[in-house]
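Hi,

Here is the structure I promised to pass on. Have a look at it first, and then read on for what turned up in it.

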Amino acid sequence: MRTLKLQMQLTIDGFAGGPNGELDWMMWDWDDEIKKYVDNLTDSVGTILLGRKMTDGFVSHWTNVVKNQPDDPSYPFAKKMVEKPKIVFTKTLNESQWENTKLAKGDIVQEVNKLKNQTGKDIIVYGGATFVSSLIENNLIDEYYFFVNPAAIGNGLFIFKERKKFKLVKSIPFSCDIVLLNYEPMK
């Protein structure tokens, strides 16, 4: 069975975005160690899950880097993001408007479990808060990779709607002041 991994940046006070989804608190001045860690995490997966709201920005950003910025230091990573198959969960779209992307329109639990039962590399989800919350509520995420940024915003979008317990797998402080917290849900 394939593992579903969540990779998400959070504030130190646990928010996934500002009250209106603002992401201006995120640090992008990453050191080589965190870049290598994220690159290895990405290499461990064969499929990317996205919510519809995040897909336009995600796909257009990485596609733009690949098509127009071959000298950009993030080009090799962007190429992976474009080439990996993506599944977009949507209730409103009838066809995919993005390259290398399929739509999932059915029940989220059935759709994710169907993907998990396929052969191949693991699956990673990059969220929006609403989409990630629905995966968490349905106990679909097997591994959590929280990249905690050294910023507190006091109010914003959260991903947990109920009490959950986790087992710490590892924590890694990076020299860019981001800390990885890797958890598994307690069964």
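Trp28, Trp30, Tyr37, Phe147 and Phe174 are joined into a cluster by ring pairs. Rings of Phe, Tyr and Trp (its six-membered ring) pair if their centres lie within 6.5 Å, and planes under 30 degrees apart count as stacked, over 60 as edge-to-face and the rest as tilted. Please keep in mind that this is a predicted model, where local features need pLDDT of at least 70 and side-chain atom pairs count only at pLDDT 80 or more, while totals for chains, interfaces and linings use all residues. Residues are numbered from 1 along each chain as its sequence is written, and side-chain values use heavy atoms, with hydrogens and water left out.

Searching the whole structure gives 13 aromatic pairs. In one of them, the ring centres of Tyr144 and Phe166 are 5.0 Å apart with planes at 80 degrees, so this pair is edge-to-face. Tyr144 belongs to strand β6 (residues 143–148) and Phe166 to strand β7 (residues 166–173), so the pair ties together parts 22 residues apart in sequence. Strands here are DSSP runs of E, at least two residues, numbered from the N terminus.

Lys86, in strand β3 (residues 86–89), may also catch your eye. Lys86 is buried (under 20% relative accessible area, 1.4 Å probe, protein chains only). Lys86 has no salt bridge (a side-chain nitrogen of Lys or Arg within 4 Å of a carboxyl oxygen of Asp or Glu). The nearest side chain of opposite charge, Glu99, is 7.9 Å away. A polar atom of the Lys86 side chain does lie 3.0 Å from the backbone oxygen of Val82.

Best wishes

Definitions and conventions:
Helices (H or I, at least four residues) and strands (E, at least two) are DSSP runs, numbered from the N terminus. Buried means under 20% relative accessible area, exposed over 50%, partly exposed in between (1.4 Å probe, protein chains only). Lys and Arg count as positive and Asp and Glu as negative; His and the chain ends are not counted. A polar contact is a pair of N or O atoms within 3.5 Å; within protein, one must be able to donate a hydrogen and the other to accept it, and residues adjacent in sequence count only if both atoms are side-chain atoms.
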